[in-house]
Amino acid sequence: MKKTLLIAISLLALSSQVSVAGTKTLVDYGVVQQSTIISSQSRSHPLRTMAAGAAGAAIGNQFGGGSGKTIMTATGAVAGVEASRNRQARQQSAQTVNLTIKTNNGQIIQVVQDYNGTLTFNKGDKVRILTSGSNTTVDKSV
């Protein structure tokens, strides 16, 4: 009896695997128990900002003459500072979603993946869980 049950479970597990581009992807289904969006909190880097401003000023100083040279130096400094601030803002705005899911076979799993504003998860949502190697993603294609 145990041997028959083990064989049946093994066949069921094998039937839920899909081959994608030479890799094997395990497909499972479940229900979202909890969903939390996490914003990364990277700290600002004022020295990088100052260095970017100095580099921009040095580049701007290569152009113009007289008062035009001064204006180009200042413009280069401001452009360097703004470029640094924009880069830091993009890095800080990265978000992930932390999902706690109860699979159809009763296991509770946790998946952390990049947040996609067009794909939101709520408690009770039925989801598909795709695992390929050590990479697991969740979507609502049920």
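**A tour of the strands and helix 2**

Begin by selecting strand 3 and strand 4 (residues 108–114) in this predicted model: the two run antiparallel and are joined by 7 bridges. Within this pair, pick out Thr 96, whose bridge partner in strand 4 is Asp 114. Next, move to the turn: strand 3 and strand 4 form a hairpin with 4 residues between them. Select Gly 106 there, which has a positive phi of about 95 degrees.

Now keep strand 3 (residues 95–103) in view and add strand 2 (residues 23–39). These two strands also pair in the antiparallel sense, over 9 bridges. To see one of the partnerships, select Ser 35 and Leu 99; the latter, in strand 3, is the bridge partner of the former.

Turn next to helix 2, residues 46–60. Its 15 residues reach 21 Å from the first C-alpha to the last, close to the 21 Å expected at 1.5 Å a residue. Which residues of helix 2 are buried? Select Thr 49, Gly 53, Gly 56, Ala 57 and Gly 60. They lie on the same side of helix 2, because they cover an arc of only 100 degrees around the axis. In general, an α-helix has 3.6 residues a turn, so residues three or four places apart point the same way. Then select Leu 47 and Ile 59, which are exposed on the other side of helix 2.

Finally, display the whole protein, which has 3 helices and 6 strands. Along the sequence, the pattern is α-β-β-α-α-β-β-β-β. Of the 142 residues, 18% are buried. With the surface shown, the protein exposes about 9900 Å², of which carbon and sulfur atoms supply 59%.

Methods
Residues numbered from 1 in each chain as written. Predicted model: local features only at pLDDT ≥ 70, side-chain atom pairs only at ≥ 80, totals over all residues. Heavy atoms only, no water. Pairing = 2+ DSSP bridges. Expected span 1.5 Å × (residues − 1). Buried < 20%, exposed > 50% of the residue type's maximum accessible area, 1.4 Å probe, protein only. Arc of directions from axis to C-beta. Areas by Shrake-Rupley, 256 points an atom, 1.4 Å probe, with all protein chains shown as cover.
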